[in-house]
Amino acid sequence: QYVTAMIGLFGNASDRLCQKLDKAASDGEDVEMESLFSRLTLDVIGKAVFNYDFDSLSYDNGIVEAVYVTLREAEMRSTSPIPTWEIPIWKDISPRQRKVNEALALINNILDELIATCKRMVDEEDLQFHEEYMNEKDPSILHFLLASGDDVSSKQLRDDLMTMLIAGHETSAAVLTWTFYLLSKYPNVMSKLQAEADAVLGDGLPTIDDVKKLKYTTRVINESLRLYPQPPVLIRRSLEDDMLGEYPIGKGEDIFISIWNLHRCPKHWDDADVFNPERWPLDGPNPNETNQKFSYLPFGGGPRKCVGDMFATFETVVATAMLVKRFDFQMAPGAPPVEMTTGATIHTTKGLNMTVTRRIKPPVIPNLEMKIVSDSEGSTSSTASGEGQQVEVSTSQV
Ligand code: HEM
């Protein structure tokens, strides 16, 4: 029930993006896909975590801006060698820190309102909480947590919600950005992907059964995550003196695990730098850290493994399939070369500028059921019927 609700959410948000791209295609305008993917995944995670519709694909508002200020700050803090934001006086007078504090105050106010509204809903409903509990009108994680008895005033609740917003937003956006970049470089993969989307998706939004059938699309996402892992580096801090194999690690030392290097290591991968979704058999298991013996860690591993791995896989599969079914994507002529820069995830330096064109629907080929008829002079003719038409072809005419 929860997965069905989430797939509906992914489909709705992706449909809004399709409408935006449709307009760009009509107007003949190029689009910067990285920022659009960022808006798509913000809209999705806002609804999924707190039942809040940022609707950032439709317009800019103060809260969307505040979320981006906070996200950029979180990224800067996670990579900065000196914690300038903790220096007394400086933290109060620095224009950047003041902006961050204002953004955080706005987000916290909205969060308070959302928590209060949700708490009222939980108090009014008759549903008993159990493991499979879900409120159909509001399937958000916030609703689940409050129904399970989480304390509305707890800092832990707010921190958990913000962690999910941060962890589940830029990561999925980055996966979509680099997937579409790769697809522009590998048109043969794009053609196969479009063929699958045409065969599986109908005119409405994707269903759970459709998503299960989008096997090649899933392999494209698996392979994109191998070449562009998000985040590209995992970090651990040692709590005590230890040994890592033959290397001594002192208490308090940071260890950086480069997933980027692991995923492109020629010892583990044939043609390590080549985008080849076919390396993952369609009928094989979904690749993960355990069945790939820890040479593939797109969602980490062990106790701190991503809690949103299935959510993110379905989200990116639905968005990719819906977009490629409706549009062709090419790098925009004259766009700057796509270069990388890393923070918590891998970003482009100057955006992913693409030309989007509506796909021409392939012609409907009638289902030809041939009936061979012989006439007395030995020539043959065959009648074929399809979609109510009768077509007659005679060998004597050929
Ligand atoms: C394609 C998108 C995503 C990717 C590539 C991704 C990747 C990761 C990775 C590699 C980790 C482990 C970090 C570490 O070991 O230090 C992680 C942790 C986490 N992820 Fe994701 N993630 C994605 C989407 C999501 C989504 C959608 C959510 C929430 C709905 C989410 C929630 C989390 C949380 C809460 C953690 C921390 C788990 C913990 O420390 O206990 N992620 N993610």
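Colleague: What makes the pairing of an oxygen atom of the ligand with an N or O atom in the side chain of Arg236 a polar contact?

Modeller: In this predicted model, the oxygen atom of the ligand is 2.7 Å from an N or O atom in the side chain of Arg236, and since the cut-off for a polar contact is 3.5 Å between N or O atoms, the pair counts as one. The side chain of Arg304 is placed in a comparable way, with an N or O atom 2.8 Å from an oxygen atom of the ligand, and this value too falls within 3.5 Å.

Colleague: Which residues around the ligand are the closest, and how many surround it?

Modeller: The ligand is surrounded by 21 residues, and the closest are Gly168, Gln230, Arg236, Arg304 and Cys306. By class, twelve residues of the shell are nonpolar, six are polar and three are charged.

Colleague: Which elements each supply at least two residues of the shell around the ligand?

Modeller: Helix H8, residues 170–185, strand E2, residues 233–237, and helix H13, residues 309–326, each do so, and H8 gives the most, with three residues.

Colleague: Why are H2 and H13 called oblique to each other?

Modeller: The axes of H13 and helix H2, residues 33–50, cross at roughly 135 degrees; angles over 145 degrees count as roughly antiparallel and 65 to 115 as roughly perpendicular, and as 135 lies in neither range, nor under 35, the pair is therefore oblique. The axes come within 12 Å, and the crossing is right-handed.

Colleague: Which residues make that contact of H2 and H13, and how do they divide by class?

Modeller: From H2 come Phe37, Leu40, Thr41, Val44, Ile45 and Ala48, and from H13 come Phe311, Glu315, Ala319 and Leu323; they divide into eight nonpolar, one polar and one charged.

Colleague: How do the axes of H11 and H13 cross, and which residues make the contact?

Modeller: The axes of H11 and H13 come within 9 Å and cross at roughly 115 degrees, with a right-handed crossing. Thr217, Thr218 and Ile221 of H11 meet Thr313, Thr316, Val317, Thr320 and Ala321 of H13, and these residues comprise three nonpolar, five polar and no charged.

Colleague: At what angle do H9 and H11 pack, and how far apart are their axes?

Modeller: Helix H9, residues 187–200, and helix H11, residues 215–227, pack at an angle of about 140 degrees with their axes 8 Å apart. The contact is formed by Val189, Lys192, Leu193 and Glu196 of H9 together with Lys215, Tyr216, Thr217 and Val220 of H11, a set that divides into four nonpolar, one polar and three charged residues.

Colleague: How do you know that the peptide bond from Gln230 to Pro231 is cis, and where is Pro231 found?

Modeller: The omega of that bond is near -5 degrees, and the bond is cis; Pro231 lies in the loop between H11 and E2. Gln230 is also one of the residues listed as closest to the ligand.

Colleague: What is the phi of Asp271, and where is its place?

Modeller: Asp271 has a positive phi of about 40 degrees although it is not a glycine, and it sits in the loop between helix H12, residues 259–263, and H13.

Methods
Residues numbered from 1 in each chain as written. Predicted model: local features only at pLDDT ≥ 70, side-chain atom pairs only at ≥ 80, totals over all residues. Heavy atoms only, no water. Near = heavy atom within 4 Å. Polar contact = N/O pair within 3.5 Å; in protein donor to acceptor, adjacent residues only side chain to side chain. Helix = DSSP H or I, 4+ residues; strand = E, 2+ residues; numbered from the N terminus. Nonpolar A, V, L, I, M, F, W, Y, C, P; charged D, E, K, R; others polar. Axes fitted to C-alpha atoms, helices over the stretch in contact; angles between N-to-C directions. Left-handed = near helix turned anticlockwise from the far one by under 90°. Contact = heavy atoms within 4.5 Å.
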